[in-house]
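Please open the structure in your viewer and keep the selection panel at hand, since each stop on this tour begins with something to select.

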Protein chains: 4
Amino acid sequence: MTGQHTRVEDFRATGERLRNWGRWGAEDERGTANLITPQALVAAAGLVRKGAVFDLGIPFDRDGPQPGTHRINPIHLMSETGDQQLFPGGFRYADDYIFMPLQCASQWDSLAHVYYDDQMYNGFPARDVSVKGAARCAIDKQAKGIAGRGVLLDVAALHGVDWLPAGTVITPDDLDEAARRQGGVGVGPGDILLFRTGWRRKFLTERDPAAFMAGEPGLGQDCCAWLRERDVAAVCSDNWAIEVLPGENPDVFLNVHMILLRDMGVPLGEMLDFEELAADCAHDGVWDFLFVAPPLKISRAVASPINPLAIK
Amino acid sequence: MTGQHTRVEDFRATGERLRNWGRWGAEDERGTANLITPQALVAAAGLVRKGAVFDLGIPFDRDGPQPGTHRINPIHLMSETGDQQLFPGGFRYADDYIFMPLQCASQWDSLAHVYYDDQMYNGFPARDVSVKGAARCAIDKQAKGIAGRGVLLDVAALHGVDWLPAGTVITPDDLDEAARRQGGVGVGPGDILLFRTGWRRKFLTERDPAAFMAGEPGLGQDCCAWLRERDVAAVCSDNWAIEVLPGENPDVFLNVHMILLRDMGVPLGEMLDFEELAADCAHDGVWDFLFVAPPLKISRAVASPINPLAIK
Amino acid sequence: MTGQHTRVEDFRATGERLRNWGRWGAEDERGTANLITPQALVAAAGLVRKGAVFDLGIPFDRDGPQPGTHRINPIHLMSETGDQQLFPGGFRYADDYIFMPLQCASQWDSLAHVYYDDQMYNGFPARDVSVKGAARCAIDKQAKGIAGRGVLLDVAALHGVDWLPAGTVITPDDLDEAARRQGGVGVGPGDILLFRTGWRRKFLTERDPAAFMAGEPGLGQDCCAWLRERDVAAVCSDNWAIEVLPGENPDVFLNVHMILLRDMGVPLGEMLDFEELAADCAHDGVWDFLFVAPPLKISRAVASPINPLAIK
Amino acid sequence: MTGQHTRVEDFRATGERLRNWGRWGAEDERGTANLITPQALVAAAGLVRKGAVFDLGIPFDRDGPQPGTHRINPIHLMSETGDQQLFPGGFRYADDYIFMPLQCASQWDSLAHVYYDDQMYNGFPARDVSVKGAARCAIDKQAKGIAGRGVLLDVAALHGVDWLPAGTVITPDDLDEAARRQGGVGVGPGDILLFRTGWRRKFLTERDPAAFMAGEPGLGQDCCAWLRERDVAAVCSDNWAIEVLPGENPDVFLNVHMILLRDMGVPLGEMLDFEELAADCAHDGVWDFLFVAPPLKISRAVASPINPLAIK
């Protein structure tokens, strides 16, 4: 957590250097999720040692983090409660509907979520995302996962704060030091990185959607290379956009999104809750676990609501 | 798969005999999901031997199984495609919304989904399910699961058919014989039972929502005792209501739902796709696996869309 | 606009005194809309003298007056834009969806919108409004209207302000004085009263949904008798709840709603925009006009979005 | 209703000949609605002679004409019923939501609804209709209307049938003969033409959405010139697409839509119910009336649900 860079490398140059296009074939739509090999998954299952489950999704309801200016919180409505029903034998049932942005709460970004220069991940043309949804890289292409070894790095704890302030750039050094502080837990090929900024705790403390969304601590652009070197399969956080906001460079918006999703093909899991998990990891000193986060198979969608499980 | 019973025991009598109310305390809202102990979960993780993932959810889209007369298929709409956007640096993003009944496709029924005689599971009053949702037994009470050992019983394969006809009563003998045919795979305390009727294959073959919903093969009422004796934690199927329809007794509608959800407290997972999993199990002779199906934490909801994973 | 009353008559006593139950038969669901006779409607059409139309609805979009804490602004989404279409001959079409609370912007309250003591208008039981909608007094019962003679009383102009402050009690004297100031325009049987508080101008000036909804100037309880004496058919305003908020009596919430809708059966039109109309009326000195505001025939709904027209 | 043409003029040639682009200025977005002059509106109000109102909208509910394969019927859901509420003084309220395609039932097509050759009405570029809605010609541009003189021509009655069969081409001769049969009622500049095919009666008789949508009787392409010669301001019908389907020319889809909306700029009102109105007109021999159909002011929308009123 060094001071904010006044300037970082042009994101296009970084993106081009770290790009994974073609690595899993010209038709690939899963990106770094491919890095989770069967062997890695078997090894990840071996991390289940005490049978404890941590649900990392946040509640989907009207009290969520959306201020309503851009996305809204989910609207849940009952269509049946059993009232006014007359079925043989006394059966009564309740039924419900939901209306929501797919990115209103805990969610996977698909690789079709962002693009620049008219191309998305793997060079697919941007026109493949139209009013009819994503013809390429939709979230249902990740239907079998993301499941593998998860590693939590608690950057807020590293700095001894409840939460890092908005605008805090998390650097590769922060990630390395957090791992060191946590007994030298390693992050390697096919792992899912979860980094904790405390931003969820801030929301739970303040219950202020506008403050939650106004900015956030998050990854600086230099972390992209760090993730590429380790061949991380997916990245998750307790903030809402993975990366630091306002960003490091006023001339570009969401540069880390562009590099990770579009160039590297890294699925991003946002707005998760690591509070209970982080406490448990701090207590038993074990920071890795089986991580299972299946997206809903929403055809042509650019995201999916999720409730990831960490199982230790 | 004996002939349809002309009459089964009054469901209230069966329900009373098999009832789990109070078993996990007067405030319990999770029912038989409590049967998945930490030890059982550790053992289930040990079933991950080859690192193969099977996604059991069906697609959420306009081509789903809802004919629209009762529930509708999901409506997925784009709010952003990158078109008409001007962000610094060239960033463009896509965003989307969904509107759907929570039970339109693959889904968990929460224990608040059905009731009779003014009481739901554990004796909670029916008025706890109101226009404002379920104050008790909502689906988010199952936030940490259902995760445990899954066992697939392929009843359609037992009878050598692509799918069992609508109205076929699956009996305890069918379940026992299917297990015997599958090398004697056991079903015990805390397991999640998946039984295959072929009803999903029927839909994939015919693409006829009205035919899919007109009836179905499924559990007869006698299977409730079979499940109770084994202390099964949850039941999933490839049909849309677990139980046989039309039911065994014309005087009562959805009796198996009432006994399983309301009396026994068994979460039900419906409209799953076991085609790929069943083929793999038939091939390697291994019918049990780690099953992970986290519901979305939709506050006060009586159901959640899901995409369960079976991991072998 | 005298100072706020410290106490007004118990609303139940007022409601009982002014009640219209049974006046149009035991099955009536239209209330004072019945007061618009064919003769009154013919006379109202005669007010169209210069062929000028004033649209009194406000825009339905994301920039509306809902802060999102209770109701939300409408969400409008495109399902087709012509993109990715291939029809014979070159035809392309656009299509769209809306999701909204029926009371998010300009709207009629049906007589089923509020109730107390387990009865709604005309004594219908409150249980007739259930999760399945309103079996009685739904908005489609007003399908043929409200159409008749409209009269605008500009209370803000009477007091020489852009808008009256929140909490300002509008009294019968205010209404009488406004009419006197406007050339003695009369309000009589079957008329639709439109009163202007300036609250819409406040919103257009400030664009602050939270401030718009925090309170409002509006009718005090004494105006109910004034409306009953004149047999007004419907009441419309540019605020969001017709009545003053906070209310005159801290022990009761929305007393004017209860008396007007439930006891008197007066349809209420809220969140209208009288700015252009008021300017025109001030200019030509003509304050009455043909008013036409058909609700959408949404079955069993308790409200309908509208765009009322005033035609002079 | 002569036999179906085997071939009609190329729609582009017809469109070019009848085009109204530039007629009301280069920025015009209202098309032929401009033809309703203040004088015409005053005259139309003069048609209100007996004070009878006819509501021409159809119900918005689950039993509507949408089979669900393309558009769906509206979904109306309650968010409040008064249950579980505790307000001071006993106040209780009901509230509701709607989710619907804007063209699911009675509706205005805006001039942005269809286009060809990359241009919509008045030459605006097709790209002005994007995922963010219609930047040009949205339905709220018609906020002040459509209100004027309506004339009903009952083509089904002309041919002595309950309804014309699907595929029946309505010709200019049909329109002329219908007018002659109805006492020589004239259709002139600024009038709103309502033509009755009986298609609504078919739906009310059969309640079969698929049959309703499978095709329809409607205007043949030659009627476009007839409408242009008379300078009709808007066209409404009881079918769902104004024009005959299947169309006159298998090589082109919805040619009448393209000419009327895109070239001539004529707002189209579809899926109306003329049953009660037609019976009244047949009874009193008066076929013209004040017609008032304000769209909801949905920003950037390409259509609006409506409930038009005919007032005699």
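A salt bridge, as the term is used here, is a side-chain nitrogen of Lys or Arg within 4 Å of a carboxyl oxygen of Asp or Glu. Keep in mind throughout that this is a predicted model.

**Stop 1: chain C against chain D**

Begin by selecting D:Asp95 and C:Arg71, whose side chains meet in a salt bridge with 2.7 Å from N to O. Across the interface of chain C and chain D there are eight salt bridges, and between these two chains 42 residue pairs are in polar contact, with both residues of a pair at pLDDT 80 or more. If you now colour the side of chain C that touches chain D, strand 4 of chain C, residues 95-101, gives the most to it, with seven residues. By class, that side of chain C divides into 50 nonpolar, 16 polar and 16 charged residues.

Widen the selection to the whole contact, which takes 82 residues from chain C and 81 residues from chain D. The size of an interface is often given as the accessible area lost when the parts come together. Here chain C and chain D bury about 6,600 Å² between them, with 62% of it on carbon and sulfur atoms.

Next, show strand 3 of chain C (residues 92-93) together with strand 6 of chain D (residues 114-115), which pair in the antiparallel sense over two bridges. Within this pairing, C:Arg92 stands opposite D:Tyr115 in strand 6 of chain D.

**Stop 2: C:Asp55**

Stay with these two chains and select C:Asp55, which is found in strand 1 of chain C, residues 53-55. Which side chains does the side chain of C:Asp55 meet in polar contacts? One is the side chain of D:Lys144, at 2.8 Å, and another is the side chain of D:Lys297, at 2.7 Å. Because its relative accessibility is 12%, C:Asp55 counts as buried. Not counting residues up to four places away in sequence, C:Asp55 touches residues of its own chain, among them C:Asp273, C:Glu276 and C:Asn307, as well as D:Ala143, D:Lys144 and D:Lys297.

**Stop 3: C:Asp288**

Move along chain C to C:Asp288, whose place is in strand 15, residues 288-292. Is C:Asp288 buried or exposed? With 14% relative accessibility, C:Asp288 counts as buried. Its side chain is joined to that of C:Arg149 by a polar contact of 2.9 Å, and if neighbours within four places in sequence are left aside, the residues in contact with C:Asp288 are C:Leu47, C:Arg149, C:Gly150, C:Val151 and C:Lys312.

**Stop 4: chain A against chain D**

Now select chain A with chain D, where eight residues of chain A are in contact with eight residues of chain D. The area buried between chain A and chain D is about 580 Å², of which carbon and sulfur atoms give 75%. Display A:Leu77, A:Tyr97 and A:Val131, which lose the most area to chain D in chain A and together account for 64% of what that side buries. Between chain A and chain D the count is zero salt bridges, and there are likewise zero residue pairs in polar contact with both residues at pLDDT 80 or more. The largest share of the side of chain A that touches chain D, four residues, comes from strand 2 of chain A, and by class this side has six nonpolar, one polar and one charged residues.

**Stop 5: salt bridges within chains**

Over all chains, the structure holds 112 salt bridges. For one of them, select A:Asp284 and A:Lys312, whose side chains meet at 2.9 Å, N to O. This pair links distant parts of the chain, 28 residues apart, with A:Asp284 in helix 9 (residues 275-284) of chain A and A:Lys312 in the segment after strand 17. A:Asp284 counts as partly exposed at 29% relative accessibility, whereas A:Lys312 is buried, with a relative accessible area of 3%.

Then turn to chain D and select D:Asp154 with D:Arg196, which form a salt bridge whose closest N and O atoms are 2.9 Å apart. D:Asp154 lies in strand 9 of chain D and D:Arg196 in strand 11 of chain D, so the pair ties together parts that are 42 residues apart in sequence. Both D:Asp154 and D:Arg196 are buried.

**Stop 6: a loop in chain B**

Finish at B:Thr69, in the loop between strand 1 and strand 2 of chain B. B:Thr69 is exposed, with a relative accessible area of 71%.

Conventions
Residues are numbered from 1 along each chain as its sequence is written. Chains are lettered from A and ligands numbered from 1 in the order in which they are written. This is a predicted model: local features need pLDDT of at least 70, side-chain atom pairs count only at pLDDT 80 or more; totals for chains, interfaces and linings use all residues. Side-chain values use heavy atoms; hydrogens and water are left out. Contact means heavy atoms within 4.5 Å. Buried area is the accessible area (1.4 Å probe) that two parts lose on being put together, summed over both. A polar contact is a pair of N or O atoms within 3.5 Å; within protein, one must be able to donate a hydrogen and the other to accept it, and residues adjacent in sequence count only if both atoms are side-chain atoms. Ala, Val, Leu, Ile, Met, Phe, Trp, Tyr, Cys and Pro count as nonpolar, Asp, Glu, Lys and Arg as charged, and the others, Gly among them, as polar. Two strands pair if DSSP finds at least two bridges between them. Buried means under 20% relative accessible area, exposed over 50%, partly exposed in between (1.4 Å probe, protein chains only).
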